Amino acid sequence: MTYRTAKQLADTATPEELFTGQWQNRPSVLDDYKPYLDDRWTEGRTNAWKLWEEIVPLGYKGSYQRVRAYLHDKRTSPQPVTARPPSPRSVAGWTLRRPETLTETEQLQLKAVWAHCPELNALTGHVRSFATMLTERQGERLPEWLDAVRQDDLPSLHTLAAGIDRDRDAVIAGLTLPWSSGVGEGHVSRIKMLKRQMFGRAGFALLRKRVLLS
């Protein structure tokens, strides 16, 4: 027995802590629906068959036995069994995407996140409001958006709002006018690419010719 194994056994307070390995924490077809089952369980809905019938129309393709086993663990475990929380990347994706593009399962998971973290609920509202201003060129709404951001306890957004406020006129113009510096930036990036391709092998004359002829 290695020292690491002996130390793990000595430091373990309960047998459940030893249940780790290649079969633990594997993804399951039920993972996306566990937040919904947790919410229904909290509401007092504990019938496994009824809950299985509820999640099938939501897209669940697994068996009833898997649902029953998950609920059995909740009944018998001394510690409350809950779904694995979604990753920060998943929550960020749900927040930044258009609401109508989210599946029913993703909407349920996002609502569960909001229930446990009201700050993320407020953040999602501000992000989607800004996205609407950006895509529909509603720059005149920016002062109203900045005031709404300052009313919530979101320090990171307060920093963003302060930066926007320092250049408010330019930001409003960018959110309103149809013109963009993207074309100019694209040409600059193309020239830099050509320059890097020729680095150490050619001079300005060839660079000029490649830029003009392309």
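A polar contact is a pair of N or O atoms within 3.5 Å; within protein, one must be able to donate a hydrogen and the other to accept it, and residues adjacent in sequence count only if both atoms are side-chain atoms. One such contact here joins the side chains of Glu-136 and Gln-138, at 2.8 Å.

Before I go on, this is a predicted model, where local features need pLDDT of at least 70, side-chain atom pairs count only at pLDDT 80 or more, and totals for chains, interfaces and linings use all residues. Residues are numbered from 1 along each chain as its sequence is written, and side-chain values use heavy atoms, with hydrogens and water left out.

Back to Glu-136. Glu-136 lies in helix α7, residues 118–136. Helices here are DSSP runs of H or I with at least four residues, strands are runs of E with at least two, and both are numbered from the N terminus. Between the C-alpha atoms of Glu-136 and Asp-38 there are 38 Å, and the two residues are 98 apart along the chain.

Now the packing of α7. Its axis and that of α8 come within 11 Å and cross at roughly 170°. Axes are lines fitted to C-alpha atoms, for helices over the stretch in contact, and angles run from 0 to 180 degrees between N-to-C directions. That makes α7 roughly antiparallel to α8; the classes are roughly parallel under 35 degrees, roughly antiparallel over 145, roughly perpendicular from 65 to 115, and oblique for the rest. On the α7 side the contact (heavy atoms within 4.5 Å) uses His-126, Ser-129, Phe-130 and Met-133, and on the α8 side Leu-142, Trp-145, Ala-148 and Val-149. By class that is six nonpolar, two polar and no charged residues. Ala, Val, Leu, Ile, Met, Phe, Trp, Tyr, Cys and Pro count as nonpolar, Asp, Glu, Lys and Arg as charged, and the others, Gly among them, as polar.

Next, the other partner of α8. The axes of α8 (residues 142–151) and α9 (residues 155–166) come within 9 Å and cross at roughly 150°. That makes this pair roughly antiparallel. Residues meeting there include Trp-145 and Arg-150 in α8, and His-158 and Asp-165 in α9. The contact of α8 with α9 has eight nonpolar, one polar and two charged residues.

Towards the start of the chain, α2 (residues 34–42) and α3 (residues 48–55) pack at about 135°, with axes 11 Å apart. These two helices are therefore oblique to each other. Tyr-36, Leu-37 and Arg-40 in α2 meet Leu-51, Glu-54 and Ile-55 in α3.

Last, charge pairs. How many salt bridges does a search of the whole structure find? It finds 10, counting a side-chain nitrogen of Lys or Arg within 4 Å of a carboxyl oxygen of Asp or Glu. In one salt bridge, Lys-7 meets Asp-11 at 2.7 Å, N to O. Both lie in helix α1, residues 3–11, four residues apart, about one turn of the helix.
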